[in-house]
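Me: Hey, got a minute to walk me through this one? I've just opened it and don't know where to start.

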Amino acid sequence: QSQPVESGGGEVQPGGSLRLSCAASTFTPSIYSVAWFRQAPGKAREGVACVSVSNNATKYTDSVKGRFAISRDNAKNMIYLLMASLKPEDTAIYYCALGPTPLCSVEVDFLYSYWGQGTQVTVSG
């Protein structure tokens, strides 16, 4: 099966902005939750943001709330993560995740069935 594919990562200075994109296959079945996770070197994987497809409810981890925004375009099978006011601690590999649960989560990663390969975000100045 096709996996989601992330793009848009890069290196930015603190305070900068970046938009990550995730392209999902039109044949990926039963997707009701979409999320972004990240993993920094030496740290556990951390949920960043998610959206429940059924009602568009979003969740964010506290460290990014007010700075990041998750959005989706169902017609294009795209999921986006808008990242602003970036901080060095945002440096990580960011992963797009898709899953079948009706209510999305930024706490439980095993609920997501499909994962992208990751895209590197580096914030340094």
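Reply: Sure, let's go from the overall fold down to single residues.

Me: What kind of model is it?

Reply: It's a predicted model.

Me: OK. How many helices and strands does the chain have?

Reply: Zero helices and 11 strands. Reading along the sequence, you get β-β-β-β-β-β-β-β-β-β-β. The radius of gyration is 13 Å, close to the 14 Å that the globule rule gives for 125 residues, so the chain is as compact as a globular protein of that length.

Me: And what box do the C-alpha atoms fill?

Reply: Roughly 40 × 25 × 25 Å, along the principal axes.

Me: How much of the chain is buried?

Reply: 44% of the 125 residues count as buried. The chain exposes about 6,300 Å², with carbon and sulfur atoms supplying 52% of that.

Me: What about charges, how many positive and negative side chains are there?

Reply: There are 10 positive and 9 negative ones, and the centres of the two sets lie 5 Å apart.

Me: Back to the strands. Which strand does β4 pair with, and which way do they run?

Reply: β4, residues 33-39, is joined to β5 by six bridges, and the two run antiparallel. One pair to look for is Trp36 with its bridge partner Ala49 in β5. The two strands form a hairpin with six residues between them, and Gly42 in that turn has a positive phi of about 75°.

Me: Is β5 mostly covered or mostly open?

Reply: Mostly covered: six of the seven residues in β5 (46-52) are buried. β5 is also joined to β6, by three bridges in the antiparallel sense. There, Cys50 has Lys59 in β6 as its bridge partner.

Me: What's in the turn between β5 and β6?

Reply: That hairpin has five residues between its strands, and Asn56 in the turn has a positive phi of about 65°.

Me: Why point out a positive phi?

Reply: Most residues other than glycine have a negative phi. Asn56 is a residue other than glycine with a positive value.

Me: Is Asn56 buried or exposed?

Reply: In between: Asn56 counts as partly exposed because its relative accessibility is 48%, and buried would need under 20% while exposed would need over 50%.

Me: Which other turn has a residue like that?

Reply: Try the hairpin of β7 and β8, which has four residues between the strands and Asn77 in its turn, with a positive phi of about 55°. β7 and β8 pair antiparallel over six bridges, and one of the pairs is Arg72 with Ile79 in β8.

Me: What about Ser85, where does that sit?

Reply: Ser85 is in the loop between β8 (78-83) and β9 (92-99). Its phi is positive too, near 50°. Ser85 is partly exposed, with a relative accessible area of 42%.

Me: Which residues touch Arg67?

Reply: Ser85 is one of them; leaving out residues up to four places away in sequence, Arg67 also touches Leu82, Met83, Ala84, Leu86, Lys87 and Asp90. Arg67 lies in the loop between β6 (58-60) and β7 (68-73). At 13% relative accessibility, Arg67 counts as buried.

Me: A different loop now: where is Pro14, and what does it contact?

Reply: Pro14 is in the loop between β2 (10-12) and β3 (18-23). Beyond its neighbours within four places in sequence, Pro14 is in contact with Leu86, Pro88, Val123, Ser124 and Gly125. Pro14 counts as partly exposed, at 44% relative accessibility.

Me: How far is Pro14 from Ser33?

Reply: They're 19 residues apart in sequence and 30 Å apart in space, C-alpha to C-alpha.

Me: And how far apart are Ala40 and Gln120?

Reply: Those two are 80 residues apart along the chain, and their C-alpha atoms are separated by 9.6 Å. Ala40 lies in the loop between β4 and β5, and Ala40 counts as buried at 19% relative accessibility. Setting aside neighbours within four places in sequence, Ala40 is in contact with Thr91 and Ala92.

Me: Last thing: what share of the contacts joins residues at least 24 apart?

Reply: 60%, counting contacts between residues at least 6 apart in sequence.

Technical notes:
Residues numbered from 1 in each chain as written. Predicted model: local features only at pLDDT ≥ 70, side-chain atom pairs only at ≥ 80, totals over all residues. Heavy atoms only, no water. Rg over C-alpha atoms; globule rule 2.2 N^0.38 Å. Buried < 20%, exposed > 50% of the residue type's maximum accessible area, 1.4 Å probe, protein only. Contact = heavy atoms within 4.5 Å. Areas by Shrake-Rupley, 256 points an atom, 1.4 Å probe, with all protein chains shown as cover. Lys, Arg positive; Asp, Glu negative; His and termini not counted. Charge placed at Lys NZ, Arg CZ, Asp CG, Glu CD. Pairing = 2+ DSSP bridges.
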